[in-house]
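User: I would like to learn how to read a model like this one, feature by feature. Please show me the structure and start wherever you like.

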Amino acid sequence: ADMTYWNTNRQAFLEDLAQRIKPKRYQHVLRVEQTAIELAERYGADAEAVSIAALAHDYAKDLDVEQARVLAQTFWPQVDLSQEGSNILHGPAAAQILLDRYGVTDRRILEAVAGHTVGWYQFDLIGKILYLADYMEPGRDFPGVEVARELAATDLNAACWYKMKRTLTYLIEKEKTLFDGAVEIYNRWCQEGI
């Protein structure tokens, strides 16, 4: 197996992952990987890097929240994560685990994993693909998912922008607090593009 990006291989990683997340989530991860690889083929991204990012993205989702917080804050020191829950923490926590445990140093993979829920400051192609694959994998069914799929077929940036706006709008409509880091990234995308 090709070990360009990490110190393991897909099969060994999957065996580890299966011990760490719920079975339904494990199936979601496999669907995200499949969707991400299809997008990688369409947009000319490195399929192996995309596969690793997809397989690892929810690695920390079922981790104890305080453990996740320490890992996430280590990866993302410039934003205060002290009030955040698993939804925000699990991405940067998984990125830190990839770095520490699996020897991944490629910033594109790490930032894709860290930002798969809230976005990232300046997304690479791998980051955009994971951000969308997680949102629109075949198991997802919510109002607007078809729009995301249609956009992703032709314009990755437009699809990412759609997800960002939909997510923040949803939170505002539900009168939920907005995570400062997500607002910061939204503002960056407004000013500089994705």
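Analyst: This is a predicted model. Start with what packs over one helix: the cover on the buried residues of α5 includes α1 (10–20), α3, α4 and α6 (107–114).

User: How many residues of helix α5 are buried?

Analyst: Burial is judged by relative accessible area, and buried means under 20%. In helix α5 (residues 86–102), 12 of the 17 residues are buried, so this helix is largely enclosed by the rest of the structure. The buried set includes the run from Ile88 through Leu98, and Tyr102 as well. Just after α5 comes Gly103, with a positive phi near 65 degrees.

User: Which other residue has a positive phi although it is not a glycine?

Analyst: Glu175, whose phi is about 55 degrees. Glu175 belongs to the loop between α9 and α10 (180–192). With 75% relative accessibility, Glu175 counts as exposed.

User: Now the whole fold. How many helices and strands does the secondary structure come to?

Analyst: The protein has 10 helices and 0 strands. Its radius of gyration is 16 Å, close to the 16 Å that the globule rule gives for 194 residues, so the protein is as compact as a globular protein of that length. Along the principal axes, the C-alpha trace spans about 40 × 40 × 30 Å.

User: What share of the residues is buried, and what makes up the exposed surface?

Analyst: Buried residues account for 49% of the 194 residues. The protein exposes about 9,400 Å², and carbon and sulfur atoms supply 49% of that area.

User: What do contacts say about how distant parts of the chain meet?

Analyst: Take the contacts between residues at least 6 apart in sequence, and ask what share joins residues at least 24 apart; here that share is 63%.

User: How many positive and negative side chains are there, and how far apart do the centres of the two sets lie?

Analyst: There are 21 positive and 29 negative side chains, and the centres of the two sets lie 4 Å apart.

User: Where does Asp58 lie, and is it buried or exposed?

Analyst: Asp58 is found in the loop between α3 (47–56) and α4 (65–75). With a relative accessible area of 3%, Asp58 is buried. For partners, set aside the neighbours within four places in sequence: Asp58 is then in contact with Ile21, Arg25, His28, Val29, His90 and His116. One of these, His90, is also among the buried residues of α5. As for a residue it does not list as a contact, the C-alpha atoms of Asp58 and Phe142 are separated by 20 Å, with their places 84 residues apart along the chain.

User: How many disulfides does the structure hold?

Analyst: A disulfide needs two cysteine sulfur atoms within 2.5 Å. The structure holds 0 disulfides. The sulfur of Cys160 is 14 Å from the closest cysteine sulfur, in Cys190, too far for a bond. The surroundings of these two cysteines can be read as well: Cys160 is buried, at 0% relative accessibility, whereas Cys190 is partly exposed, with a relative accessible area of 44%.

User: What does the segment after α10 touch?

Analyst: Take Gly193 and Ile194 in turn. Gly193 lies in that segment and is partly exposed, at 29% relative accessible area. Not counting residues up to four places away in sequence, Gly193 touches Gln122 and Arg188. Ile194 lies in the segment after α10 too, and at 15% relative accessibility Ile194 counts as buried. By the same reckoning, Ile194 touches Gln122, Phe123, Lys128, Asn157, Cys160, Trp161 and Trp189. The C-alpha atoms of Ile194 and Cys160 are separated by 8.0 Å, although the two residues are 34 apart along the chain.

User: One last case. Is Thr169 buried or partly exposed?

Analyst: At 36% relative accessibility, Thr169 counts as partly exposed. Thr169 lies in helix α9 (residues 156–173). The C-alpha atoms of Thr169 and Pro92, 77 residues apart along the chain, are separated by 23 Å.

How values were computed
Residues numbered from 1 in each chain as written. Predicted model: local features only at pLDDT ≥ 70, side-chain atom pairs only at ≥ 80, totals over all residues. Heavy atoms only, no water. Helix = DSSP H or I, 4+ residues; strand = E, 2+ residues; numbered from the N terminus. Rg over C-alpha atoms; globule rule 2.2 N^0.38 Å. Buried < 20%, exposed > 50% of the residue type's maximum accessible area, 1.4 Å probe, protein only. Contact = heavy atoms within 4.5 Å. Areas by Shrake-Rupley, 256 points an atom, 1.4 Å probe, with all protein chains shown as cover. Lys, Arg positive; Asp, Glu negative; His and termini not counted. Charge placed at Lys NZ, Arg CZ, Asp CG, Glu CD.
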